[in-house]
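Here's a quick tour of one protein chain, from its overall make-up to a couple of backbone oddities. Have a look at the model first.

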Amino acid sequence: MEIYDYRQELIDLLENTGSDPQSLHQTLRSLTTVVNILNHYNSCPGDAHRSHHEKTGHQRYQTHQRTEHPLSPAARRTLHSLLTGPSDQPKKPTRTKVSAAPAPEPPKQISAEERLAADNLYLVHRKLSGAEINHHYYSEAILHQLHFPLEDGDVVELDPHQLVRGLPSIRRVTSDHLDGYTPTKIKVIEYAELRPVPGSDVLQIANTMKGDSILDQAPANTIVVDPFKYPGRDLKAGMVIDFAYFDHGNGLKDASAGSIRWIHEKQDYDTTRQPAKPKTVKKVVNTKHDYEKKLDYDLKQRTVLVITGIRDKVQGLKPVIAKHHGVFHGLDASAEEKVSSSKLKREIRDADFVIVCIDAIHHRISQLANHHAKRYEKPLAIANVTSNTAVERAVARALNGDPAYAASSEKLG
């Protein structure tokens, strides 16, 4: 009787089994299938010579015993394939379905903001305090140092190589505007004094120094300011603030939902102090002769800021400065309410010399100009009238460190 010896195939199967769970599981499945096949062919009908013990207790084939029954060719091939792996005969090639190539994606649309960003231009999202530019928050302290105001919807140019408090500096406001963008209307109540509310811990603002806000329209118009909403600012009665709010057309209701934008320093709005009197200087012999020598000076392209209240004469003073190789910058102070302390501060900070024509300006402007000039150590001289000769002589005094006011012996031709 033919006996099929399958031990070597079992040894090969176990030797090729890895330690990973997948390989062990596959081998277990193969062994289970082999045992089921052998048990199937070992249970042949008519085996009456087997003992009763074999029929009842050992119906399952034991893998360590040899079978004494021949296997059919089909069963032998199946068993061999399970033990040694699939046949080495090449399989018929199968056709694989070729999927159609995916359609090319349409070109990505470049937004208007991305086109502006290519030139370092970015949209300004103005807040009640500060602004968001290129996903960065610029505090009100940074914006307050600029020479120009920023409104919601403006497009500004940033300088990534010059940083201010870790952020790219704002170089200028461009004339560009983003199509389809509707700016948020923000109104600012400027120079409003905080006043106490009797019997309460809160403060209020009821009018402004400029007299041009919604609070100045009626005595009953007031806005309550709760100091607890602004921790760390130590709000007190007497402080002067700028208060911003979103204007939705609801008047005082919108204003009451606003927020403090800026707290002014006292010297920015204090008009009670009088300018210091000029020091008495000794008269110089032959003053006119010495003074004519001083008029022959060279400004070496330094900037001269001329503050005057006569608008028509602002540009007429430019040739006087150009004559001495200087850069002229005029500030029209004819409308006192339009010249804020912060604006004066920025203009004076960027100038090399400051000339104030006091014949047609408010005394508050001359006081602030004198204060900021001392703060930034800028030479300042006073011209009693707005004329070419007076300005030319005032520049000479500022250049040579002479007293700010002209000596009485000087004639203003």
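Below come the overall figures, then the cores, then two loop residues.

This is a predicted model, where local features need pLDDT of at least 70, side-chain atom pairs count only at pLDDT 80 or more, and totals for chains, interfaces and linings use all residues. Numbering runs from 1 along each chain as its sequence is written, and side-chain values use heavy atoms, with hydrogens and water left out.

The chain has 13 helices and 15 strands, taken as DSSP runs (H or I, at least four residues; E, at least two) and numbered from the N terminus. Of its 413 residues, 37% are buried, meaning under 20% relative accessible area with a 1.4 Å probe, protein chains only.

Now the inside. The largest nonpolar core holds 20 residues; such a core is a set of buried Ala, Val, Leu, Ile, Met, Phe, Trp, Tyr and Cys residues joined through side-chain atoms within 4.5 Å. Strands S12 (303-308), S14 (353-357) and S15 (380-383) and helix H13 (388-400) each give two or more residues to this core, and H13 gives the most, with 6. Ile 355 is among the members that touch the most others. Beyond four places in sequence, its contacts (heavy atoms within 4.5 Å) include Val 304, Ala 381 and Val 391. Another core, of 17 residues, lies apart and includes Ile 307 and Val 354.

Most residues other than glycine have a negative phi. Two that don't:

| Residue | Phi | Loop between |
|---|---|---|
| Arg 165 | near 55° | S4 (155-164) and S5 (167-173) |
| Asp 234 | near 50° | S9 (223-225) and S10 (240-246) |

Arg 165 is also exposed (over 50%), at 58% relative accessible area.
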